[in-house]
Structures are given as C-alpha cells and as structure tokens.
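Okay, thanks for making time, everyone. Let me put the chain up on the screen and then walk you through it.

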Amino acid sequence: MEKQPIVEPEWLADHLEDPSVVVAEVEIEKDRPDYTSGHIPGAQGWYWKDVAWDDLQRQFPQPDVMARRLGERGVGDDTTLVLYGQRNQFATYVYWIATELCGLTNVHVLDGGKKGWQALGQPLSHDEVLGTPVERTIPDWPRNDRSRIHREVLLAALEGATPRLLDARVEEEYDGRRVKAGTGLDHGATRHGHIPGARNLVYERFMDPDTGRFRSREDLAALFAEFEATPDQTDDVVAYCRLGHRASMVWFVATQLLGYDHLRVYDGSWTEWGSLVGVPVEK
C-alpha cells in the first residue's frame, strides 16, 4: 500500500486475511491484559518495552536491532505493519521509534485503535497469535535522534528564552496532585508538578471520545494554534509526558498528520525530570 501514517479500521477489516499485513496490539502491561481480554482477529500482542526499548539501557534500540525484532515477529521488508492499542499512544510510540528514529518503512497506526475497531461493530478474538520469523534487510545506518531532546539541552534552553513546552499529561499530573494519574500507588518520580513554562495539552484532545479516531486536520491544527504551536515557527516545540508515549502522540499528530517539522520529544519526560537533583519545577 502507499506510504501513509494511518489506516482506517474499514481498510483493515478488508485486509485481515492478507498475508502481507501484520497487525500488532501494543500494550503497556507485561502480561498484556488488554490483549488477552480480546483483540483484533489475527493480531499479535506486543509488550511495548520488548519492542521499543534497549535490552539494558533506558534507551531506544539501534535500527539493526529494531529490524531484527520486527523480523522475529514476522514483519518482513514488504510487510504492511499496522499498530494499534487499547490506548493508541503506545502504537504511536512504536511508530515514532521504528520510522523516525530507525528509518524503517511500511509502518502504520490504526486510526481509533481498538475503540475505533469496536465502534464499527467488528469482532474481537481471544486466540493467541505468534508471528512466524522472517528474513528482512538489516539496516547499517545509525539511529536518527533529531526528533528527540535530551535533559541537558532542555535545561540549557530553559536558562534562555523558554521554549514552547507541551505537557501531554492529564490535569492532575500537570498541576502536581499526582505523578501517575488515577488511583493506587503514585509513582514514577520523586517530585510533583511540571517543567516551568509548559502548557497542558492533554493528549486525549486529539481524538474523538466515542470512536477514538483522530479529529479532522482542521480541528487538530486549531488545537495546536490554541497553544501557539504553529507550522510557521522557526523555534522548536517540545512535547513530554510521564514516560514518553503520550508525547509521541503529540509528535505523531504534529508531524505525520499536520506536516510540522519542528516538534521534538523529551522522552525522558517527567519520570526523569521529576527525579533530577536541582532542576526547576512548577506547580
């Protein structure tokens, strides 16, 4: 299929039996409760860190490692890989790393994720699916980190003119009531609050609440304009969240759907910033 960042659930429903299409549900939990409770028929279940993180470091894999991991899961050079999730920011996270950082192609995100699939009345399956390993080309180029910003660069930027910072977390995380939204153990950093100057662009605003699909391009552009993040800027816009996956959705919408080229992800996000000694914090 032609290069495009998203595929619609209607398209996927027509291509579930296509052997050149691999579908993967990307999940935050190691034991994949969302996947085992019901997934798109034929979809594999991927734990996000197994695919998207280095085996030892809090770092991303190099392109050759990412290519091998996909090959082990049945994704070859000519395979169309469709990623989705119960929470689709994990799909955009793997998409960002595979395509932007590692330079791989023919990777797509399912618009709406599982919610969009179910909104059409499509069935779910409980059958475990394992990919059959295939040979694929192993790239020899280095990882492209231009869409990332590291803590020391961000800290230096704060000491000058404050960059446009977009905090994709929910309000209770942004305003410092919790580090991790919801109930239960409040963990992930030692401090509460947000990076000075950051504005709270909650990632859920990109999607229709009923279908989970992305809003129209016009609505998305207007949302960024509301936060003074427009495509005619010459300075960077920086997105972050708690672990980086919600920030990856900000990157995905801005760059893949709207064509921006100046948005970077602080993937260390609040788990790093909120535990560093001596960095500034606002509430």
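**A walk through the fold**

I'll start at a small backbone detail: right after helix 9 comes Glu228, and its phi is positive, near 55°. When I say helix or strand, I mean DSSP runs, H or I of at least four residues for helices and E of at least two for strands, numbered from the N terminus. Most residues other than glycine have a negative phi, and most peptide bonds are trans.

Before going on, a word on where this comes from. It's a predicted model, where local features need pLDDT of at least 70 and side-chain atom pairs count only at pLDDT 80 or more, while totals for chains, interfaces and linings use all residues. Residues are numbered from 1 along each chain as its sequence is written, and side-chain values use heavy atoms, with hydrogens and water left out.

Back to helix 9, residues 217-226. Which of its residues are buried? They are Leu220, Leu223 and Phe224, where buried means under 20% relative accessible area with a 1.4 Å probe, counting protein chains only. Looking down the axis of helix 9, those buried residues fall within an arc of 95°, so they line one face of the helix. That arc is taken from the directions from the helix axis to the C-beta atoms. The cover over them includes strand 6, helix 10 and strand 9; contact here means heavy atoms within 4.5 Å.

That brings us to the sheet. Four strands make an open sheet in the order 7-6-8-9, with parallel pairing. Two strands pair if DSSP finds at least two bridges between them. Strand 7 (199-200) and strand 9 (263-265) are at the edges with a single partner strand each, so one side of each has no neighbour in the sheet. In the middle, strand 6 (residues 164-167) is joined to strand 8 (residues 237-240) by four bridges, and Leu165 has Val238 in strand 8 as its bridge partner. Helix 10 (residues 245-257) packs on this sheet, touching strand 6, strand 8 and strand 9, and its direction makes about 160° with that of strand 9. Angles run from 0 to 180 degrees between N-to-C directions, using lines fitted to C-alpha atoms, for helices over the stretch in contact.

Now the other sheet. What order do its five strands take? It's open too, in the order 1-5-4-2-3, with parallel pairing. Strand 1 (6-7) and strand 3 (44-47) are the edge strands, each pairing on one side only. Strand 4 (residues 80-84) is joined to strand 5 by three bridges, and Leu81 stands opposite Val107 in strand 5.

Just ahead of that there's another backbone oddity: Asn106, not a glycine, has a positive phi near 65°, and it sits in the loop between helix 5 (89-101) and strand 5 (107-110). Ser269 also has a positive phi, about 50°. Ser269 lies in helix 11 (residues 269-273) and is buried, with a relative accessible area of 0%.

Last, the whole chain: eleven helices and nine strands. Of its 283 residues, 53% count as buried. The C-alpha trace spans about 55 × 45 × 40 Å along its principal axes. Among contacts between residues at least 6 apart in sequence, 75% join residues at least 24 apart. That's my tour, so over to you.

Notes: Buried < 20%, exposed > 50% of the residue type's maximum accessible area, 1.4 Å probe, protein only.
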